[in-house]
Amino acid sequence: MEEIQTNTEKALKEMNKILRLKAEHYSLTFKTDIGKVVMDDLKSMTALSSLSGNDMMDVNVNVNPSDLMFIREGQNQVIRYIEMLIKFYGENK
């Protein structure tokens, strides 16, 4: 039982180390002047209505409104993920 706990703790430490490194990379990338411009561009493309297309989508795709809302949520989730990693890095340097 003690061996399982030790292995679990080692695995959690390794996962935390990997997350911190990934968060550092995202933070260093998006905290630059160019990174901020890119993030602002990504946000502006998804800030519109969930029912309207944007530059992140192929203009030739024919999508119904409910599917478009799911697509938009996926786009916004990517932005939230990046922001979460930046915040995590700032709090766990």
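The expected span of a helix is taken as 1.5 Å times one less than its number of residues. In this predicted model, helix α3 offers a convenient case: with 27 residues, α3 reaches 38 Å from its first C-alpha to its last, close to the 39 Å expected at 1.5 Å a residue.

We can turn next to how α3 is covered. Its buried residues are Leu68, Arg72, Gln75, Asn76, Ile79, Ile82, Leu85, Ile86, Phe88 and Tyr89. The cover over these residues includes α1 and α2, the latter formed by residues 33–46. An α-helix has 3.6 residues a turn, so residues three or four places apart point the same way. Gln75, which lies in α3, has a relative accessible area of 9% and therefore counts as buried, the cut-off being under 20%. The side chain of Gln75 also takes part in a polar contact of 3.0 Å with the side chain of Arg72, another of the buried residues of α3.

The packing of α3 against α1 completes the picture. Two packed helices are described by the angle between their axes and the distance between the axes. Here, the axes of α1 (residues 2–30) and α3 (residues 65–91) cross at roughly 105° and come within 8 Å. The two helices are therefore roughly perpendicular to each other. On the α1 side, the contact is made by Asn16, Leu19, Arg20, Lys22, Ala23, Glu24, Tyr26, Ser27 and Phe30, while α3 contributes Tyr81, Ile82, Leu85, Ile86, Phe88 and Tyr89. Sorted by class, this contact has ten nonpolar, two polar and three charged residues.

Technical notes. Residues numbered from 1 in each chain as written. Predicted model: local features only at pLDDT ≥ 70, side-chain atom pairs only at ≥ 80, totals over all residues. Heavy atoms only, no water. Axes fitted to C-alpha atoms, helices over the stretch in contact; angles between N-to-C directions. Helix = DSSP H or I, 4+ residues; strand = E, 2+ residues; numbered from the N terminus. Parallel < 35°, antiparallel > 145°, perpendicular 65-115°, else oblique. Contact = heavy atoms within 4.5 Å. Nonpolar A, V, L, I, M, F, W, Y, C, P; charged D, E, K, R; others polar. Buried < 20%, exposed > 50% of the residue type's maximum accessible area, 1.4 Å probe, protein only. Polar contact = N/O pair within 3.5 Å; in protein donor to acceptor, adjacent residues only side chain to side chain.
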